[in-house]
Amino acid sequence: SDHMENICGYLMKYTNLVTGWQYRYFVLNNDAGLLEYFVNEQSRHLKPRGTLQLAGAVISPSDEDSHTFTVNAASGEQYKLRATDAKERQHWVSRLQICTQHHTEAIGKNNPPLKSRSFSLASQGSANSPGVQRRPSQNAVSFFSVGHHRLPTGKRVPIMQPDHLVDVREMMSQAEGQQRDLIRSIECLPASGHLTSLDQDLLMLKATSMATMNCLNDCFHILQLQHASQQKGSLPAGTTISWLEPKISLANHFKNGAAQNFPAEINKPASVREEQSISEPCQLTREPEEINPDEELEDICDDKEDDLGAVEEQRSVILHLLSQLKLGMDLTRVVLPTFILEKRSLLEMYADFMSHPDLFVAITNGSSPEERMIRFVEYYLTSFHEGRKGAIAKKPYNPIIGETFHCSWRMPKSNVATDVGINSSAHSPPEQVTLPKDPEGQAEPDYYTVKFVAEQVSHHPPVSGFYAECVERNMCVNAHVWTKSKFLGMSIGVTMVGEGVLHLLEHGEEYTFSLPCAYARSILTVPWVELGGKVNINCAKTGYSASINFHTKPFYGGKLHRVTGEVKQNMTNTVVCRVQGEWNSVLEFTYSNGETKYVDLTKLSVTRKRVRPLEKQGPFESRRLWQHVTESLRDGDIDKATEHKRALEERQRNEERLRAETETPWCTKYFLKDGDGWVYHKPLWKTVSAAQTQQTDSN
């Protein structure tokens, strides 16, 4: 109680994808156990804009950064808040936790015991048995019934004693048994005929019944915690009331809820045995490998994901999977069925965002800081369309830790925009740093080369690092991304946590940027991809910044894939460019001089990446690592693809277990940990700095 103090102050509150973060004035009322917020301090005497009851709430510091935390109320409402620094966050979190614990204990001590309910979950007899053939007039929902008794009106409900939890557990066990019988009855129905196991109503009944039992188990868990609180007088220190994970393993459910039986080890194809027998990656060479771009060939692979095929055939598997997920559940550790995968790794998807390297290289040719920022925004917005393979939303392979992907692009120098552009004026080019010449003294090529490397640097959490550079233009980009996926009901949301930095060494400029969220919508019908959220691009040296909003479609009306943004000079707060349109169609750029430019992404030329042939790739390069999964998906053999995928995942789990037992840290190959991020081991800015030092010494 010594630390129970009312505190107040400004925090940033996340409102929604469109509005983003906003400053609000928060007040912690310890006496009432409330967290209230107002638009500002002056409006504190007015009605609060929002109020959260802290009894039963969970206060969680975020692992995204050191400033953010969440307040999850027992009602299900959540505030996502951000303090100015780590110290202020700790102050708020500790005071909120103390207040929450005080009022949660008060409820456990002072509230009357829970009341019992009378359930009769016994079977209703053979007449209602799921195995009885229904009449043609019956629908699937009315085919099954679970009886219950209603309490007579006016009759007092007996008070539940603590030991009545045993009775509740027994009734729930009966319900679980009936639910299992229901599932078995559905799955034993014939595959064809008047009533089949694939009847859409029966599948929906199967999914909702499983979700209901999971919810009941969660509620029973909370009752047990409250009972323990009443017995001991308070919740144990550090105890949090959290939702339970699904009791049914998701990894083994592939066909209509049944576990897929894999052949014995001796019957496995040689490729699967090879996947499982590759030795511990840290025992392989972890020295960085210099990839020769001359060994890379133009990519002829063109796997568009426009075929519903397997998704339509496996609808029952999707329904079964959804029945075991809860809203907001983290999908990082959920093994998803193979048929929803697209035929490339996530690392290669990041490379496909670079499919317009001419626009990338042209950024540094901008004649002024303003034009370079505008060119970067133009390149940034055109990168997402080609990054998606087709109109159907499918999921790339989750990279294995230590997996890498290498490629490059070549484009004629004549194809890259020069320094004559929007609002440009004559200027003298800045002094360039001369890198060491080719020792063979070969003639300078008439094309630019952009080299790309990506590596999966962490498994839990799943973090990827990628780096691209154009040595001829003294520019490079370094980024790290942590993908966090959540189940949102009829869609899946993926947050791309991380940061990228574009270095224009010719100008001494650095542009920091983030990535939008991605959503797979309509996962029960025709899944499609939507981007959402606000991203920022900043250049501290020049004072220019860009704010870009990816708008999700509203429930009623509105356009798909809409994006808006503006580029401004921070010192004068002057908007120098506005952009609007669709990120996968046409973008309209309006400049401060009144000119307008349209970019049709569907007609924009794409430069094919260059990749080494499989036989020249290392065992942990993406295409060689996943080649058997990819080949099986191309052949439409989902079972075989699943077997190969399972072998890779099992090997990764065994290696992780071995490292944990031997306390052996993972050794990355190309990226080094730098604070909260990851940096390429040999970035261009280090090479240029060394070259500058060498030139200075020679002079």
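Here are some short exercises on the structure above, each with a worked solution.

The model is predicted, so local features need pLDDT of at least 70 and side-chain atom pairs count only at pLDDT 80 or more, while totals for chains, interfaces and linings use all residues. Residues are numbered from 1 along each chain as its sequence is written, and side-chain values use heavy atoms, with hydrogens and water left out.

**Exercise 1. Get an overview of the protein chain.**

Start with secondary structure: the protein chain has 14 helices and 28 strands. These are DSSP runs numbered from the N terminus (helices: H or I, at least four residues; strands: E, at least two).

Next, burial: 47% of the 699 residues count as buried. Buried means under 20% relative accessible area, exposed over 50%, and partly exposed in between (1.4 Å probe, protein chains only).

Then take the surface, which comes to about 35,600 Å², with 52% of that belonging to carbon and sulfur atoms. The areas come from the Shrake-Rupley method with a 1.4 Å probe; for residues, only the protein chains shown count as cover.

Finish with contacts (heavy atoms within 4.5 Å). Among those with a separation of 6 or more, 63% are between residues 24 or more positions apart.

**Exercise 2. Find the largest nonpolar core and follow one of its residues.**

First, the rule: a nonpolar core is a set of buried Ala, Val, Leu, Ile, Met, Phe, Trp, Tyr and Cys residues joined through side-chain atoms within 4.5 Å.

The largest such core holds 61 residues, and the ones touching the most other members are Phe360, Leu381, Phe452, Ile537 and Phe550. Helix H10 (residues 369-387) gives the most to this core, with eight residues.

Now pick Ile537. Skipping neighbours within four places in sequence, its contacts include Met373, Phe376, Val377 and Tyr380, and also Tyr511, Thr512 and Phe513.

There's a second, separate core too, of 20 residues, including Leu28, Leu52, Leu81 and Cys99.

**Exercise 3. Is Glu378 buried or exposed, and what does Glu378 touch?**

Locate the residue: Glu378 sits in helix H10. Check the area: Glu378 counts as buried because its relative accessibility is 10%. List the partners: not counting residues up to four places away in sequence, Glu378 touches Leu359, Phe589, Lys597 and Val599.

**Exercise 4. Track down some unusual backbone geometry.**

As a baseline, most residues other than glycine have a negative phi, and most peptide bonds are trans.

Begin with the peptide bond from His460 to Pro461, which is cis with omega near 0°. Pro461 belongs to the loop between strand S14 (447-458) and strand S15 (463-470).

Move on to Asn474, not a glycine, yet with a positive phi of about 55°. You'll find Asn474 in the loop between S15 and strand S16 (475-487), and at 4% relative accessible area Asn474 is buried.

Now try Asn573, also not a glycine, with a positive phi near 60°. Asn573 lies in the loop between strand S22 (562-569) and strand S23 (574-582). At 53% relative accessible area, Asn573 is exposed.

**Exercise 5. Which residues of helix H12 are buried, and what follows H12?**

Scan the helix, residues 627-635: Gln627, His628, Val629, Thr630, Ser632 and Leu633 are buried. Step past the end, and you reach Gly636, with a positive phi near 75°.

**Exercise 6. How many disulfides are there?**

Apply the cut-off: a disulfide is a pair of cysteine sulfur atoms within 2.5 Å. The count comes to zero. As for individual cysteines, Cys476 is buried at 0% relative accessible area, whereas Cys667 is partly exposed at 33%.
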